[in-house]
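Let's take a walk through a protein model together. Keep the picture open while you read, and look for each part as it comes up.

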Amino acid sequence: MAYRLGSIRISIMLLAAVVCPLGLFCAQAEEPGRVYEIRFDVIEPPVVAQKDITVKAPMSNQQTEPKALECSGLAWVDGVLIIASDRHEHLLFTCPVDLNKMEIGTPEHHVLIHNEQFLLDDAESLTILTKGGQSSIFVMCSLSNAPNAQPLPQRRHLFHGKIKSVRPLMLERTIVVSAGTLRQQLESCFETIGVLPYYTFNADPGENKNTYRWANVEGIAFTPDGQTLLCGMRNPLFDNAAMLFAVSGMPEMGQPVQPDSLKVADLFLLDLEGRGISDLCWDPITQGYLITAAKSNGPRLNPNSPYPPNTLDSALFWWSGNKKDSPILAARIPDMTIEAVCRLGDSRYIALGSDEGDISEGRGARQSILTIMEFTGIPR
Amino acid sequence: MEESKHSPQFSPDDQKVFAESLVTHHDSGGKPQSSDTGIPSSADKTSTKPQPWVGKVMGHFKLLRLIGEGAMGLVIQAEDTHLKRIVALKVLRKKLSEGEKGKDAVEQFLREARAAASIEHPNIVRVYEINQHAGWWYIAMEMVSGNSLQEIVKAAGALPVSRACPIIADAAIGLQVAHELGMIHRDIKPSNILVTRNGHGKISDFGLVRVDDPNDPFDTYAQQSIGTPHYMAPEVIRREPLTPAVDIYSLGATLYYVLAGRPPFAGGKMEEILRQHLHSDPPDILQYMPNGSPELASLIQRMMAKEPGVRPSAAEVAAILHAESITFSSDSQATGGPGGSTLAMDWQGVLQKTRTAIPGSLTQTSLRQPVQKRFGQFISKISTMWRIVIASALILVTIAMILLLSSDGTPTQNRRAVGKLFPNAPESFGTRNTGIPPTPAPLIEVPGFSWKGKVDTSGVQFVASQSGRYFYSIEDRRAILIRADQYIGYASADEALKDGKQPAP
């Protein structure tokens, strides 16, 4: 009998020991709303359109071999979607989208820089600043290390131009400046707080296929007042959180960017469940930031592996902009590699762009999938 | 709902354009357009070339769009105008069915249909009907909304164990049923395993099936090395008598492909690949998944054994793979997999019925016991001392978790360091003072692309999108976002469920 009572007591203790932490854990893990699941080739609410928008264009003025569009940034101006490709070093694409019929057209490329030397190499982010009815476009390279960046420093540039027309895309007062000064300032921050460098896999021949890339910026967005540029980094993570930095000294409308005036004005962290930022944009409809995030495909454990499992686990978050607020998970996108997001004007819809190919992983197929979904808030 | 009555019938004139279409699509060197014989490719699926036969009716099937094509014919998405369900219509090329040789082609075509039709199983693509219309033979099959394993791996790379194993286990269960009925599929490969939107594997394409029937004179492949080189068993290459073990070998090679992202044997020439199947062991799968389990590697080695008698049965493969997928469930935090695969641990009750017990391995049966029962068994088996140790450990864990959770909001050392970098930086870069998320604005106007107001919905209670996973009540506001060109209407929820849709969450 005593043995039985002892067993019961132990059982109660065990039960309490299991239930208490589980209860607390569950309370913490609860998400405020439902989470959408967006998938390749599934067009159902909230997704209203999806299309492979892969087209080819010369990758630079020097290398005219056509390469597939690899979507890295999106912006919407006057009914036209503007697309940056991280595989193209001198041009942007435009793609018509009929929001009424929800038909996605075929992208066309527009050469913007005619004398480039890798000026838009690894152009990972794109944003628009509109003031007084006039729009300016900003394209930023990743700031990361190119595997073969000699003799010119690559991936350090910020492109800026006033939009003259979007059909076809024509800019005026275009200028490309070095954003290397931002990298230098960030490097100092990294050293202060102990951020470790970032390595990633590159299949080019050589002994060490896991190469030092420093870090990479994949999303930029102006704050609603247009004074500050927020930059989101995909890699590295710090304390398992994504890093963002704010840049002050952005030019007045119509004025050229002055590299020396660009200052890193803040560096802070956002919890994206272990993911880094693959793009972000200010969303005037929900009065917050839309952030697409994905895990790193970083260094390879086995460099002979043809390519690793796709566990990048893309997701869409909404963030108020307040540093004390955690971003809220809005959608999981497990089988696409989402690299870009933007609101389609003042409509109910946002666009998500994916880049499914990676030249360093030796995949033959290149595809950029454009997904349009309704998003006006977090469903409950 | 009476759309078919107004749809143009497949007239003799249409036969001409249909034939031209078949010829046009096929005459690219006389080779199939897809990667493997008879299998639709992604390129086929995304083809936007207008087809003159779209909208015509063949039998009681309204032809909707080309899914893919191969040497034998086209696969077309069609609507059964009687049952209002979407099917995949496999249409035999007419020129193949003409003349004396045509009889053999038709018989082979019928063999495939009969073989598949004789199995009604969730892991095998169902055949609804075989018929001919104006001289065109066709098979109406279950339309699987999803991708083949080949397409998934091509698009997403190698799959993690937790995603790959349940799909291959499904295929093994399907194979077991086929084997029990005396059938050998003979062409198991990634493109012949389809993955449904809810993550189940289904075997398709019984075009090369061997039926264990002495009265089957139409097994034209009986004495040939048939199959696909990357997945072909040694005894097939040697043209030896075949057993169900050939399918196990091919399934093992398929599992290898899914986990490694490449077939087990590579080579520039087909002879090179076949030679390796005959004489070489496949490279260790663990080099592609360093954290993989030795049991899984061992299973692949056994499945791909040169000696057919050594290979495990389909039931054993299914049981071990299911145990593996549970063991590795921790690496699948997201329940979804590439290509629409959403993992469900529940096995539709099928595995329990079909599997055999594996001595010493984690069995499905034991895992299916209620947690409390297993916990009770575990507790009853250990000594009191161990119970106290475990209880103490759990209490310590509880205290640690409470401490951890109560410290929520206190920045770690790293975060404090980040916060000190720019002490004068603003707290907010937005316009909201709090992080209260926005709630969705109600959708009032019907979007221009919506089905609403464009289709006859008399008798329709539920609607869905053709490529979607869910069905919605016709009153559900979310349903307005379904595109008109994706619209499907159902008279009942049962009908939608039978069509493979799930209730909208």
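In this predicted model, 44% of the 505 residues of chain B count as buried. Chain B is built from 17 helices and 17 strands. How much of its contact pattern links residues far apart along the chain? Taking the contacts in chain B with a separation of 6 or more, 68% are between residues 24 or more positions apart.

Now find a small part of chain B, an open sheet of three strands in the order S7-S9-S10, paired in antiparallel fashion. Which strands stand at the edges? They are S7 (146-148) and S10 (201-203) of chain B, and each has a single partner strand, so one side of each has no neighbour in the sheet. On average, neighbouring strands here are turned by 30° against each other, direction ignored.

Look next at S9 of chain B, residues 193-196, which is joined to S10(B) by three bridges. Within this antiparallel pair, B:Leu194 sits opposite B:Lys202. A helix joins the picture too: H5 of chain B (residues 149-156) packs on the sheet and touches S7 and S9 of chain B. The direction of H5 makes about 90° with that of S7(B).

Let's move to chain A and its strand S5, residues 71-77. Six of the seven residues of S5(A) are buried, so this strand is largely enclosed by the rest of the structure. Six bridges connect S5(A) to the antiparallel strand S6 of chain A, residues 80-85. One bridge pairs A:Ala75 with A:Ile82 of S6(A). Together, S5(A) and S6(A) make a hairpin with two residues between them. In that turn, A:Asp78 has a positive phi of about 50°.

Key: Residues are numbered from 1 along each chain as its sequence is written. Chains are lettered from A and ligands numbered from 1 in the order in which they are written. This is a predicted model: local features need pLDDT of at least 70, side-chain atom pairs count only at pLDDT 80 or more; totals for chains, interfaces and linings use all residues. Helices (H or I, at least four residues) and strands (E, at least two) are DSSP runs, numbered from the N terminus. A residue is buried if 20 or more other C-beta atoms lie within 10 Å of its own, exposed if 12 or fewer, and partly exposed in between; C-beta atoms are placed from the backbone. Two residues are in contact if their C-beta atoms, placed from the backbone, lie within 7 Å. Two strands pair if DSSP finds at least two bridges between them. Axes are lines fitted to C-alpha atoms, for helices over the stretch in contact, and angles run from 0 to 180 degrees between N-to-C directions.
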